[in-house]
Amino acid sequence: MIFNGTRTPATEFTAPVLDGYNDSIPGSDVLKFDIQKAKELWAQAQSMKPYDASKPLEIATNSDGGNKEWIDAIANSFKNNLGLLAEIHSFAQFADLLDLRQSKSLPGLASSAWQGDYPSLYNFLGPVWETGAPANLEKFPTLTSTGYYMKDLHRRTLRRPTPNSTKRRKFCLRSCPGCPCGKPISQ
């Protein structure tokens, strides 16, 4: 056990302490640890574009943020469950990893984390996954063209879920721009 009961598995892209959090949004099953499903999806991906297994899957992380244990566990899971060799590139500081993300120089996957500045569903979606948002460093294209993010900004309160926030979360679960792994347990 890596986190010794201090985290719960993620079930969506926002936080359990927020009004409107929903751990049963359609599509949230993609976040459940399911080795058989992972193997099936990997086989589908391989049929579309084979991965060069002679090269390790590279994972970049920072060593100043307490990431070593969980990144090691993910790398071992890739190896043990999918047969993929994973190589971890550890950078001394988060700033070093951030520089690589901003310059689009990542060698592969990267660890990241997000904590909202304001207790709203929007604050966990818009700043990270909106097209052009400052924390959307990998430039993931989202539903901005249909105005889902901006509509919630013009509401008087952001604490309750809207149909827009539910659509965005479904979209993120379907597209998987990132993989939320766990959420800290409030004490």
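A salt bridge is a side-chain nitrogen of Lys or Arg within 4 Å of a carboxyl oxygen of Asp or Glu. The legends below describe a predicted model, in which local features need pLDDT of at least 70, side-chain atom pairs count only at pLDDT 80 or more, and totals for chains, interfaces and linings use all residues. Residues are numbered from 1 along each chain as its sequence is written, and side-chain values use heavy atoms, with hydrogens and water left out.

**View 1. The salt bridge between Arg169 and Glu12.** The closest N and O atoms of this pair are 2.8 Å apart. Arg169 belongs to helix α6 and Glu12 to the loop between β1 (7-9) and α1 (35-48), so the pair links parts of the chain 157 residues apart; helices (H or I, at least four residues) and strands (E, at least two) are DSSP runs, numbered from the N terminus. Arg169 counts as buried at 1% relative accessibility, and Glu12 is buried at 0%. Here buried means under 20% relative accessible area, exposed over 50%, and partly exposed in between (1.4 Å probe, protein chains only).

**View 2. The salt bridge between Lys68 and Asp72.** Both residues lie in helix α2, four residues apart, about one turn of the helix. Their closest N and O atoms are 2.6 Å apart. Lys68 is exposed at 54% relative accessibility, whereas Asp72 is partly exposed at 26%.

**View 3. The open sheet and helix α2.** Three strands are arranged in the order β3-β2-β4 with parallel pairing; two strands pair if DSSP finds at least two bridges between them. Because β3 (86-91) and β4 (109-110) stand at the edges with a single partner strand each, one side of each is left without a neighbour in the sheet. Helix α2 (residues 68-82) packs on the sheet and touches β2, β3 and β4 (contact means heavy atoms within 4.5 Å). The direction of α2 makes about 175° with that of β2, where axes are lines fitted to C-alpha atoms, for helices over the stretch in contact, and angles run from 0 to 180 degrees between N-to-C directions.

**View 4. The largest nonpolar core.** A nonpolar core is a set of buried Ala, Val, Leu, Ile, Met, Phe, Trp, Tyr and Cys residues joined through side-chain atoms within 4.5 Å. This one has 11 residues, including Phe13, Leu125, Trp129 and Cys172. Helices α4 (121-129) and α6 (163-175) each give two or more residues to this core.
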